[in-house]
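Here are my notes on this one, going point by point. Have the viewer open while you read, since I jump around the chain a bit.

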Amino acid sequence: MTQSQHLFHERMTIRGHLQPASFVPWIMRHAAKLGLAHHVTHASADRIELDVGGAAELIDIMEMGCSLGPIDVWVETIDRAPVEQKTHGFACGY
């Protein structure tokens, strides 16, 4: 199995001046387009936490997309950390 075939589970913590009412649906659409398992665990005006599962390259693309975000948000930082498979909070089917 090559590195690109490995599936990862990570938590993204997005911080900045966020508009959850528009940014969360935007995040969900983009994660779905990339074929990532996804679940938002927290959403507020200054922090969104998102659990994602899939290929490392696709999670990297998701991070890049979120850093640019929709026009009504200002993303300051995105932190990523591995999530244990037993505690990820979403069914990814992998």
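1. Let me start with Glu63, which is partly exposed at 24% relative accessibility; for these labels, buried means under 20% relative accessible area, exposed over 50%, and partly exposed in between, with a 1.4 Å probe and protein chains only. Keep in mind that this is a predicted model, where local features need pLDDT of at least 70 and side-chain atom pairs count only at pLDDT 80 or more, while totals for chains, interfaces and linings use all residues. Residues are numbered from 1 along each chain as its sequence is written, and side-chain values use heavy atoms, with hydrogens and water left out.

2. Glu63 makes a salt bridge to Arg80, with 2.6 Å between the closest N and O atoms. The pair connects distant parts of the chain, with Glu63 in helix α2 (residues 56-68) and Arg80 in strand β4, 17 residues apart. A salt bridge here is a side-chain nitrogen of Lys or Arg within 4 Å of a carboxyl oxygen of Asp or Glu. Helices (H or I, at least four residues) and strands (E, at least two) are DSSP runs, numbered from the N terminus.

3. Arg80 has a second partner to look at: its side chain also meets that of Glu10 in a salt bridge, 2.6 Å from N to O. This one joins strand β1 (residues 7-17), home of Glu10, to strand β4 (residues 74-82), home of Arg80, across 70 residues. Glu10 is buried at 13% relative accessibility, whereas Arg80 is partly exposed at 28%.

4. Zooming out, which residues belong to the salt-bridge network around Arg80? Glu10, Asp60, Glu63 and Arg80 are linked in it. The count for the model comes to 6 salt bridges.

5. Another of the salt bridges pairs Arg11 with Asp51, and the closest N and O atoms are 2.6 Å apart. Arg11 sits in strand β1 and Asp51 in strand β3 (residues 47-55), so the bridge ties together parts 40 residues apart in sequence. Is each partner buried or exposed? Arg11 is partly exposed at 27% relative accessibility, while Asp51 is buried at 1%.

6. Now the interior. The largest nonpolar core has 19 residues, and those with the most contacts inside it are Ile14, Phe23, Ile27, Ile48, Met62 and Cys66. By nonpolar core I mean a set of buried Ala, Val, Leu, Ile, Met, Phe, Trp, Tyr and Cys residues joined through side-chain atoms within 4.5 Å. At least two residues come from each of β1, α1 (20-33), β3, α2 and β4, and α1 gives the largest share, 5 residues. In soluble globular proteins, nonpolar side chains tend to be buried together.

7. Met62 is worth a click. Leaving out neighbours within four places in sequence, its contacts (heavy atoms within 4.5 Å) are Met12, Ile27, His30, Ala31, Leu34, Leu36 and Leu50.

8. On strand β1, have a look at Thr13 too. Thr13 is buried at 12% relative accessibility. Beyond four places in sequence, its contacts are Arg47, Ile48, Glu49, Thr77, Ile78 and Asp79.

9. Last stop: Pro70, in the loop between α2 and β4. Pro70 is buried, at 16% relative accessibility. Not counting residues up to four places away, Pro70 touches Phe23 and Trp26. The C-alpha atoms of Pro70 and Ile27 are 9.3 Å apart, with their positions 43 residues apart along the chain.
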